[in-house]
Amino acid sequence: MGRINVPDLAFGLFLVGVGALALVLISDLPMGTTARMGAGYVPRALAVIIILFGLGLGGRALLAGHVGLPEIAWRPLALIAGAVGLFALLLPRLGLALTSLAVVITAGFASHDVRFRENIVVALSLAAFAVGLFVYALGLPLAIWPVR
Amino acid sequence: MDLISNLATGFAVALTPLNLAFCLMGVIIGTLVGVLPGIAPITTIAILLPFTFTLPPASALIMLSGIFYGAQYGGSTTAILVNLPGESSSIVTCLDGHQMARQGRAGPALAIAAIASFFAGTVATVIIATASVPLSWLAIKFTAAEYFSLMVLGLTGSVALAHGSPAKAIAMVLLGLLFGLVGIDVNTGLPRMTLNIGELGDGIGFVPIAIGMFGIAELAVALGRPQDRSLLSVAVKNLWPNWLEIRACLPAMTRGTAIGSILGVLPGGGAALSSFAAYAVEKKVSATPERFGKGAIEGVAAPEAANNAGAQTSFIPLLTLGIPGNAIMALMVGAMMIHGIQPGPQVMTAQPELFWGIIASMWLGNLMLIVLNLPLIGLWVSLLRVPYRILFPAIVLFCCIGTFSVSNSTFDIALMLLFAVAGVFFIKVGAEPAPFILGFILGPLMEENFRRAMNLSRGNVLVFLERPISAALLVATLALLVVLILPAVRAKREEVFQE
């Protein structure tokens with residue numbers, strides 16, 4: 001691993017993967033001819049070019065000299081993703097008010113300088129604000145409280 | 001005079017109380033976003049996009065454009081006072097603007113930034129109004145081949161402007177094009193890459209991608225970086241620059257406006273590039289270049305004029321040709337399509353009220369901005385004291401509600417989450433999301449025009465070179481690519497992005 005540019009290699013492999021997946025998904029679509037293209041013509045051409053780019057970038061990464069794995073701050077990533085997931089899971093069941101509370105409290109912990117009491121106050125005010133703005137002022141069709 | 005009657009039509013639309021209110025709301029939100037570091041205008045427009053669906057199209061577009069050029073004003077405030085660019089186009093304003101603030105001249109620096117922006121905004125509005133009509137005549141001559149070539153040029157332009165490796169940016173464009181093709185093929189009615197998921201039949205939603213990549217992903221990455229927001233606690237007094245300073249700035253403002261107006265129109269151009277270029281030029285022509293970086297007032301006036309002019313003239317390709325030149329314009333296309341407006345030259349003739357209304361609102365918005373920015377500067381500065389840990393949970397919540405409200409489906413939230421994770425991956429491997437979103441928007445349009453052109457020419461690829469306008473556009477693309485690959489330019493480009 002000593003001489004490999006890891007981010008470039010990862011991106012190259014990603015491109016190859018996406019291109020290959022696309023080729024599989026469109027394998028049953030007709031190509032057509034250049035004059036009368038079928039549904040599969042352009043996507044297939046794109047997928048092939050993407051794979052070639054992936055191979056090129058990945059190949060270059062093997063020779064390009066060492067660049068290590070980029071630092072990923074897992075805590076904010078996991079908590080923000082978790083907050084978004086909670087929103088999708090809870091909204092249809094709990095309504096906007098309680099969902100907002102859960103989302104804001106979860107997301108709040110993504111920051112290193114989170115303060116517990118402040119986070120609760122922020123969550124309560126944002127939940128009230130969201131209900132007021134989106135349901136009452138903008139009239140979005142959202143349930144405010146848990147649906148039975 | 002056509003121009004005058006057109007502008008009269010526009011002002012009649014822009015001056016209705018409803019549109020004035022949305023213009024004001026747009027520029028206020030824009031200023032806010034510009035002032036607060038860590039919230040980009042593109043994120044804000046993506047988040048607010050779904051909430052504009054219920055508005056009349058003109059009001060929605062007036063507000064969204066206000067956010068964009070308003071952010072250019074707000075960004076300079078943070079740049080000057082805190083030495084933090086609230087906005088990528090304000091990076092160069094930090095250099096001399098913050099030095100001026102340290103020397104106790106924060107007032108004149110802020111004032112000249114606002115004046116230069118207003119001057120540039122006024123000129124750019126006139127340029128948009130005058131250039132639009134002839135350009136739309138040209139656009140009527142466009143067939144599928146020209147449209148395809150123009151989009152190739154636009155995508156190449158977005159690659160040229162991406163930070164980092166051009167190869168990665170091209171790969172991102174290609175990925176965007178591919179993802180844009182998910183859904184039912186319009187020509188044959190066959191589903192493509194839909195994984196048999198019903199929701200994907202109409203294609204991947206534009207809002208979940210934009211919010212996921214620009215809202216959630218950027219946020220998650222930004223939170224991993226240490227935050228430094230020590231505020232320079234200078235009292236902003238005696239706002240007005242003296243005559244000597246204004247005289248020194250006039251030519252700088254004019255040059256900045258010219259540079260910004262030209263670079264803004266170019267595909268891939270826009271506010272950030274314009275401000276860099278204007279600063280470089282100003283330093284070159286100055287008799288005393290050694291003052292730059294130490295509080296030269298021209299070093300504030302020129303880039304501020306340029307970024308505002310560039311922000312506004314980047315609307316020209318969108319409004320006249322229907323081609324977005326940068327990622328923010330891609331969001332505007334998304335907004336137009338959601339309102340049932342197919343962007344392109346026909347907008348001007350079919351919906352003159354909408355077209356000229358947006359243009360007129362830009363000047364009104366600039367006028368509002370100068371009023372908002374100068375007397376209310378203290379208010380904006382105090383906003384900088386709001387801790388980020390309070391702001392970002394609100395952003396997460398609004399991203400979720402915004403995405404959900406497009407079609408009331410949690411499927412879109414799942415998509416947003418997926419693209420947020422992908423966005424973090426892209427940022428971490430050094431591939432920028434902006435070319436992706438442009439490719440995504442242009443994908444279906446490009447395929448349609450490519451297929452139509454090939455259909456008409458019976459499969460002869462040379463058709464793109466046989467038609468003069470198309471050939472010229474492709475030659476320009478090639479020139480751009482050559483310039484990108486040339487080592488000298490690459491070094492220079494890296495140097496610019498380093499600053």
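Trainee: Is N196(B) buried or exposed in this model?

Mentor: The model is a predicted one. Residues over 50% relative accessible area are called exposed. N196(B) has a relative accessible area of 78%, so N196(B) is exposed. The residue sits in the loop between β2 (191-192) and α9 (206-223) of chain B.

Trainee: What is the phi of N196(B)?

Mentor: N196(B) is not a glycine, yet its phi is positive, at about 60 degrees. N408(B) is another residue other than glycine with a positive phi, here near 50 degrees.

Trainee: Where is N408(B) placed, and what is its relative accessibility?

Mentor: N408(B) belongs to the loop between α18 (388-407) and α19 (410-428) of chain B. Its relative accessibility is 40%, and N408(B) therefore counts as partly exposed.

Trainee: I should like to turn to a loop residue of another kind. Is I323(B) buried or exposed?

Mentor: Buried applies under 20% relative accessible area. I323(B) has 6% relative accessibility, so I323(B) counts as buried. This residue is found in the loop between α13 (315-321) and α14 (327-338) of chain B.

Trainee: Which residues does I323(B) touch?

Mentor: Leaving aside residues up to four places away in sequence, I323(B) touches Y147(B), L150(B), M151(B), P317(B) and L318(B). Consider M151(B): M151(B) and I323(B) are separated by 172 residues in sequence, but their C-alpha atoms are 6.9 Å apart.

Trainee: What share of contacts in chain B joins residues at least 24 apart?

Mentor: Counting contacts between residues at least 6 apart in sequence, the share in chain B is 79%. In chain A, 64% of the contacts with a separation of 6 or more come from residues 24 or more positions apart.

Trainee: How is a pair of aromatic rings described?

Mentor: The description uses the distance of the centres and the angle of the planes. Over all chains, a search of the whole structure finds 22 aromatic pairs. One of them joins F118(B) and W363(B), with ring centres 6.3 Å apart and planes at 50 degrees, so this pair is tilted. The pair connects distant parts of the chain, 245 residues apart: F118(B) lies in helix α6 (residues 106-140) of chain B, and W363(B) in helix α16 (residues 352-373) of chain B. W363(B) has 26% relative accessibility and so counts as partly exposed.

Trainee: How are the planes of F450(B) and F464(B) arranged, and how far apart are the ring centres?

Mentor: Planes under 30 degrees apart count as stacked. For F450(B) and F464(B) the planes are at 10 degrees and the centres 6.0 Å apart, so the pair is stacked. F450(B) is in helix α20 (residues 433-456) of chain B and F464(B) in helix α21 (residues 463-466) of chain B, so the pair ties together parts 14 residues apart in sequence. F450(B) is buried, because its relative accessible area is 18%. F464(B) also counts as buried, at 5% relative accessibility.

Trainee: Which residues form one aromatic cluster?

Mentor: F11(A) and F14(A) join F179(B), F419(B), F425(B), F426(B) and F436(B) in one aromatic cluster.

Trainee: How many helices and strands does each chain have?

Mentor: Chain A has four helices and zero strands, and its elements run α-α-α-α from the N terminus on. Chain B comes to 23 helices and two strands.

Trainee: How does the radius of gyration of each chain relate to that of a compact globule?

Mentor: The idea is to set the value for the chain beside that of a compact globule with the given number of residues. For chain B, with 499 residues, the globule value is near 23 Å and the chain has 22 Å, which agrees. For chain A, with 148 residues, the globule value is near 15 Å, but the chain has 24 Å. The C-alpha trace of chain A spans about 55 × 50 × 25 Å along its principal axes, while the C-alpha atoms of chain B fill a box of roughly 65 × 50 × 50 Å.

Trainee: What percentage of the residues in each chain is buried?

Mentor: In chain A, 43% of the 148 residues count as buried. In chain B, buried residues make up 60% of the 499 residues.

Trainee: Where do the centres of the positive and negative side chains of chain A lie in relation to each other?

Mentor: Chain A has 9 positive and 5 negative side chains, and the two centres lie 8 Å apart. In chain B, the mean positions of the 24 positive and 23 negative charges are 7 Å apart.

Definitions and conventions:
Residues are numbered from 1 along each chain as its sequence is written. Chains are lettered from A and ligands numbered from 1 in the order in which they are written. This is a predicted model: local features need pLDDT of at least 70, side-chain atom pairs count only at pLDDT 80 or more; totals for chains, interfaces and linings use all residues. Side-chain values use heavy atoms; hydrogens and water are left out. The radius of gyration is taken over C-alpha atoms; the globule rule is 2.2 Å times the number of residues to the power 0.38. Buried means under 20% relative accessible area, exposed over 50%, partly exposed in between (1.4 Å probe, protein chains only). Contact means heavy atoms within 4.5 Å. Lys and Arg count as positive and Asp and Glu as negative; His and the chain ends are not counted. The place of a charge is taken as NZ of Lys, CZ of Arg, CG of Asp or CD of Glu. Rings of Phe, Tyr and Trp (its six-membered ring) pair if their centres lie within 6.5 Å; planes under 30 degrees apart count as stacked, over 60 as edge-to-face and the rest as tilted.
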